[in-house]
Structures are given as structure tokens and as C-alpha cells.
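Ready for a few exercises on reading a fold? Keep the viewer open and try each task before you turn to its solution.

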Amino acid sequence: MLALSGCRSAAPCTAELAPCSGTGKRVHGGRERTFLYHLPPNMRPGLPLLLSLHGRLGQGRNQADLTGFNTVADESGFLVVYPDGVERSWADGRGTTSADEQGVDDVGFLSALIDDFANSYQVETRRVYAAGMSNGALMSYRLACELSGRVAGIAPVAGLLSEPLAARCSPTRPMPVISFVGTEDTLMPYGGGELSQDRGRVLSAERTREWWAERAGCAATPEVVSEPDRVPEDGTRLRRDTHGGCREGVEVTFYTVEGGGHAWPQDKESERESLVGRTSREIDASRAAWRFLQRFSLP
């Protein structure tokens with residue numbers, strides 16, 4: 001059973017409903033699960049849906065504040081949902097998070113949310129996307145593996161494909177991926193390997209990019225572009241590696257944030273640099289992610 005508050009029911013959708021932000025809850029797997037959501041102006045049936053997933057120890061409201069996706073949604077016309085993980089974590093497939101250890105069915109929960117918003121707000125189910133930070137990024141990779149028939153593209157930030165998930169991942173279609181990873185990320189090592197505090201192992205950024213490009217049948221050699229240093233004082237530079245020539249017209253693009261930490265690139269200064277390393281202001285990852293994702297839809 002789905003319960004929404006903060007915005008009026010949208011059956012049928014009308015422009016008077018939005019812009020609006022609200023909260024919701026539903027029971028899944030015997031647990032009450034909660035989330036935030038945002039409706040854009042000119043709300044109408046057939047708009048895309050973005051699931052934006054927080055990092056470990058975060059919540060949906062933290063992800064909303066970090067990413068600014070509500071503003072992007074208002075500008076571009078899509079709905080965004082910020083679900084809350086169990087004990088502030090996602091069952092991303094490593095087997096090391098609280099949610100994983102408790103056997104939480106996060107894939108099923110997020111799939112149910114897609115159904116909920118299709119029923120309540122008539123979103124375009126061919127245009128559902130997932131973005132995530134850190135643990136949420138790894139969860140977006142799991143969705144790409146296990147919900148590739150429902151998720152049209154993903155945008156992981158500060159997260160890499162875990163070795164356990166890579167060993168069993170079998171997407172049913174080529175998956176568009178845009179990712180942002182920092183070379184100085186001490187929590188998610190750019191070169192891959194063991195995560196701190198026995199949180200599992202991940203592939204390197206290069207191998208993660210190649211893995212998705214191979215599964216999509218892309219050109220083996222990426223186009224590499226070193227972006228201009230637009231904000232020299234932030235101590236970062238961007239390199240963009242793009243694999244084209246993929247099946248079904250998809251694309252795999254990775255932004256390497258040279259000098260960047262465990263952070264979400266954005267066009268404003270971060271107050272968390274002492275904890276997570278440098279935040280790049282060379283690019284707004286949220287807007288760049290949406291420009292990329294909106295190009296793709298399910299067949």
C-alpha cells in the first residue's frame with residue numbers, strides 16, 4: 001500500500017499539482033519504506049522518472065540537498081524520487097552493508113516504486129533512470145544488472161562496480177552509463193581493490209568503464225577528451241572517456257575527476273572537503289547526468 005503526503009493525488013495529473021515536494025511510504029518485504037519525491041512545474045502524464053539514491057549513512061533528504069535534482073527537474077520536466085535505505089544503507093550486492101546483511105530486497109523495493117509512480121503520476125515507464133552517490137552509486141549498478149528491462153540508464157557518482165556484482169551481472173540489454181569518479185577518493189579507490197573497513201572489493205574505474213562498454217558492444221577504444229580547466233582554484237581537472245559505436249545507440253561515458261575526492265561534482269563550493277576530499281566545480285554532475293540520461297529510453 002502506497003501513502004503520499006505533501007502533494008495532492010495525481011489521478012488525473014494536472015498542472016495545478018506542481019511544482020511540489022512531498023513524502024511517501026509503502027510496505028515492502030514486511031518493512032515500512034520511506035522516500036521523498038518532487039513534481040516539476042507543468043506536471044502532466046508521460047514525464048520521465050529519476051530515482052536518486054543516497055550514500056551510506058545518508059538519507060533521501062541528504063541526497064536531495066547534495067544533488068539539487070529538484071532544480072534540474074523543474075528546468076527539464078521530470079519527477080525525482082529520493083528513497084531511504086534501511087539503516088541508511090543499500091543492499092548493493094557486496095554483502096557488506098547493513099541492508100545486505102539483513103537480506104533487504106532493495107531491487108524489489110525500487111521496482112515497486114517505479115510501479116507506484118507509474119500508477120499515481122503516469123510517468124513514462126520507458127524513461128526511468130537511476131543515479132546514486134557512493135553506496136547509492138553501487139546500488140544503481142545493481143539496478144542496471146537486475147532491472148535492465150525497467151531502468152533506461154544510470155549515473156553513478158563516487159562508486160565503482162563491485163567484484164561480487166560483476167561476477168554475476170547479466171543485463172538483458174545494452175546499458176547507457178555516465179559516471180563521475182575522483183582519482184583521490186580515499187573511500188572508493190580509483191584503482192580498485194579493497195575498500196576500507198572490510199566493505200568489499202571493487203573494480204578499478206578503468207575496468208568498470210570497460211566492463212559496461214564490453215557488455216554494450218561498444219568500440220573498445222574510447223574517445224578521450226581533456227576538458228578545459230574552468231575553475232583552476234578548485235584543484236581538479238576533468239577527463240572524459242566515451243565509448244561510442246554501442247548496440248542500440250547507447251553510450252558509456254566516464255568523467256575522471258583528477259584530484260577529486262569522494263564527492264558529487266557541482267558548480268558550488270562544498271563544506272565537506274575536509275571529510276571527503278576536493279569537490280570539483282568544473283562540472284555540475286546533476287545537469288550533466290540528466291543531459292546524458294534523457295537521450296535514452298527503453299525499446
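The exercises below work through a predicted model.

**Exercise 1. Lay out the open sheet and find its edges**.

Solution.
- Step 1: Start with the strand order. The open sheet has eleven strands, in the order 1-2-3-5-4-6-7-8-13-12-11, and its pairing is mixed.
- Step 2: Look for strands that pair on one side only. These edge strands are strand 1 (2-5) and strand 11 (223-226).
- Step 3: Add the twist, which averages 20 degrees from one strand to the next.
- Step 4: Zoom in on one pair. Strand 4 (residues 49-53) and strand 5 (residues 79-83) run parallel and are joined by three bridges. Within this region, Leu49 stands opposite Leu79 in strand 5.
- Step 5: Place a helix on the sheet. Helix 2 (residues 69-76) touches strand 2 (20-28), strand 3 (31-39), strand 4, strand 5 and strand 6 (128-133). The direction of helix 2 makes about 160 degrees with that of strand 5.

**Exercise 2. Which residues touch the most other members of the largest nonpolar core**?

Solution.
- Step 1: Recall the background: in soluble globular proteins, nonpolar side chains tend to be buried together.
- Step 2: Search the 78 residues of the largest nonpolar core; Phe117 and Trp212 touch the most other members.
- Step 3: Ask where the core residues come from. Helix 4 (residues 106-121) supplies the largest share, eight residues.
- Step 4: List the contacts of Phe117 beyond four places in sequence: Leu4, Phe35, Tyr37, Leu49, Leu79, Val81, Gln122 and Val123.
- Step 5: Check for another core. A second, separate one has seven residues, including Leu138, Leu195, Val202 and Ala205.

**Exercise 3. Is Ser280 buried or exposed****?**

Solution.
- Step 1: Locate Ser280 in the loop between helix 8 (273-276) and helix 9 (285-293).
- Step 2: Apply the cut-off. Ser280 has a relative accessible area of 2%, so Ser280 is buried, the limit being under 20%.
- Step 3: Find its polar partners. The side chains of Ser280 and Thr236 form a polar contact of 2.9 Å. A polar atom of the Ser280 side chain also lies 3.1 Å from the backbone nitrogen of Glu282.
- Step 4: Complete the surroundings. Beyond four places in sequence, Ser280 is in contact with Asp234, Thr236, Leu238, Val257, Pro265 and Gln266.

**Exercise 4. Classify Glu194 by its accessible area**.

Solution.
- Step 1: Find Glu194 in strand 9 (residues 193-194).
- Step 2: Its relative accessible area is 43%, so Glu194 is partly exposed.
- Step 3: List the residues that Glu194 touches beyond four places in sequence: Pro189, Arg199, Gly200 and Arg201.

Notes:
Residues numbered from 1 in each chain as written. Predicted model: local features only at pLDDT ≥ 70, side-chain atom pairs only at ≥ 80, totals over all residues. Heavy atoms only, no water. Core = buried A, V, L, I, M, F, W, Y, C linked by side-chain atoms within 4.5 Å. Buried < 20%, exposed > 50% of the residue type's maximum accessible area, 1.4 Å probe, protein only. Helix = DSSP H or I, 4+ residues; strand = E, 2+ residues; numbered from the N terminus. Contact = heavy atoms within 4.5 Å. Pairing = 2+ DSSP bridges. Axes fitted to C-alpha atoms, helices over the stretch in contact; angles between N-to-C directions. Polar contact = N/O pair within 3.5 Å; in protein donor to acceptor, adjacent residues only side chain to side chain.
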